[in-house]
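Here is my note on the model you asked me to look over, written as numbered points. Please keep the structure open beside the text while you read.

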Amino acid sequence: MIIMEQPAIAQAEENSITSQPLSKKAQKRAAKAARLQEQKVERRAREKEAKKRKRRERAQASDAEPRKRRKMGGFHQTSFAAQVVIDLGFDDMMTDKEVTSLTSQLAYTYSANRRSSTPFTSLLFTSLNGRTKARLDAINDAGYKRWTNTKWWEEGYDRIWTSKSDSCDGDEDLDAHRANVVYLTADSEEELVELKEGQTYVIGGICDHNRYKNLCLDKAQTSCIRHARLPIGRYIASLTTRKVLTVNQVFEILLKWVETRDWEQAFWSVIPKRKFQRKTTNGPDASPEGEHVEEDEGQEDQEDADGAELVASSEDGEENDQNDGVSSSRPQPVLSTA
Ligand code: SAH
């Protein structure tokens, strides 16, 4: 400011020494010019400072942003007190590519639960072995071990009720525990009506492109536990036949149902729209209402998860602020036959 001020004054002084004394008018003009110059410099300095401050604030805000997301700041969660089990006991029945797809689906599943406003209290992964385990171990420095509210067992899900009894009847306590477990499978004749707190829902952790029909149904029957399919055909008129979905799709449907208590909304929000219109068996003149979607043989959505990145370890393990409180005002849902 002073430096810039000098020329005007210096010029005025110089003028006063070397040449004629300045007229009053000229002096006023010179003083005004000096004042304006001074104000300009001050303004520039203020603007510069304001810019710096804004840049600093922006940097601080972007530093805080990922942390806020990680911590789900201001995001209220009310857990649904049911357990979902992902049965990983099919490792040797998948190709390497399918194992990769499956591990992506597991990450999607965990991520969906974490982001839900109504998460399941716990996610249990059973029979963790073989290539599935190796792949999970290899990614993000075994980041899955830091996934919150998840448990990982090398043993099978039957450890839930005990490993002692192989028979379907006998010990009453064992049967009582078993009675709370439902294996979800598209091959079941039973239809899931509602989800119920206190229950355990098993999803088959397999990506098989429909090679194995009745695989999970047979396993449920061998384990003497109940089984049920999602009531897709009941709510989506165009999907009346057996519809096999991926692990994460099934899980997301369950989550959406817990959030909305509305199967139709849950199906529409999760099942890809193209599924509702393909493979019509009616002729070209068939009306949309008359469309019939054939049994899904390809289970091609299993590919959808292939490109998924496993949830980064930096996202996991740190947040522990999930609300595990259980709403007791929930209706008492039941599982019933169709
Ligand atoms: N061939 C396998 C299909 C695996 S699909 C089988 O025998 O089940 C992955 C898992 O998602 C299934 O094991 C099942 O638990 C669940 N699932 C897929 N579609 C379903 C549906 N329509 N109803 C209930 N569960 C379903």
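The points below begin with the ligand and its surroundings and then turn to individual loop residues.

1. The first thing to keep in mind is that this is a predicted model, and every position discussed here should be read with that in view.

2. The ligand sits in the largest pocket, and 19 residues surround this ligand, the closest being L184, G204, D208, Y212 and K243. If you sort the surrounding shell by class, you will find 13 nonpolar, three polar and three charged residues. Two elements to locate in the structure are the strand β5, covering 200-204, and the helix α6, covering 215-222, since each of them supplies at least two residues of that shell.

3. Which backbone atoms come within a few ångströms of polar atoms of the ligand? On the nitrogen side, a polar backbone atom of T185 is 3.4 Å from a nitrogen atom of the ligand. On the oxygen side, a backbone N or O atom of L215 lies 3.4 Å from an oxygen atom of the ligand, and for C216 a backbone N or O atom lies 3.2 Å from an oxygen atom of the ligand. The ligand has 530 Å² of accessible area on its own, and the protein covers 99% of that area.

4. T185 deserves a second look, as this residue lies in the loop between β4, which spans 181-184, and β5. Is T185 buried or exposed? Its relative accessible area is 7%, and because a residue under 20% counts as buried, T185 is classed as buried. T185 and D218 are 33 residues apart in sequence, while their C-alpha atoms are 9.9 Å apart in space.

5. K213 belongs to another loop, the one between β5 and α6. With a relative accessibility of 48%, K213 counts as partly exposed, because the exposed class begins only over 50%. From K213 to A186 there are 27 residues in sequence, and the C-alpha to C-alpha distance between the two is 9.2 Å.

6. P119 is found in the loop between the helix α3, at 96-115, and the strand β2, at 120-126. The relative accessible area of P119 is 1%, so this proline is buried. The C-alpha atoms of P119 and A82 are separated by 9.2 Å, although the two residues are 37 residues apart along the chain.

7. R146 can be found in the loop between α4, at 130-138, and β3, at 150-152. Its relative accessibility is 31%, so R146 counts as partly exposed. A polar atom of the R146 side chain lies 3.4 Å from the backbone oxygen of D141.

8. Finally, please check the backbone angles at two places. Most residues other than glycine have a negative phi, and it is with this background that the next two residues should be read. C224, in the loop between α6 and the strand β6 at 226-228, has a phi near 60°, a positive value in a residue other than glycine. R261, in the loop between α8 at 247-260 and α9 at 263-270, has a phi near 55°, which is likewise a positive value in a residue other than glycine. How does R261 count by its accessibility, and at what percentage? At 27% relative accessibility, R261 counts as partly exposed, because that figure falls between the 20% limit for buried and the 50% limit for exposed.

How values were computed: Residues numbered from 1 in each chain as written. Predicted model: local features only at pLDDT ≥ 70, side-chain atom pairs only at ≥ 80, totals over all residues. Heavy atoms only, no water. Near = heavy atom within 4 Å. Polar contact = N/O pair within 3.5 Å; in protein donor to acceptor, adjacent residues only side chain to side chain. Areas by Shrake-Rupley, 256 points an atom, 1.4 Å probe, with all protein chains shown as cover. 1 Å grid on protein atoms, 1.4 Å probe; cavity = no way out; pocket = protein on both sides within 12 Å on 5 of 7 lines; lining within 4 Å. Sits in = over half its atoms within 2 Å of the grid points. Helix = DSSP H or I, 4+ residues; strand = E, 2+ residues; numbered from the N terminus. Nonpolar A, V, L, I, M, F, W, Y, C, P; charged D, E, K, R; others polar. Buried < 20%, exposed > 50% of the residue type's maximum accessible area, 1.4 Å probe, protein only.
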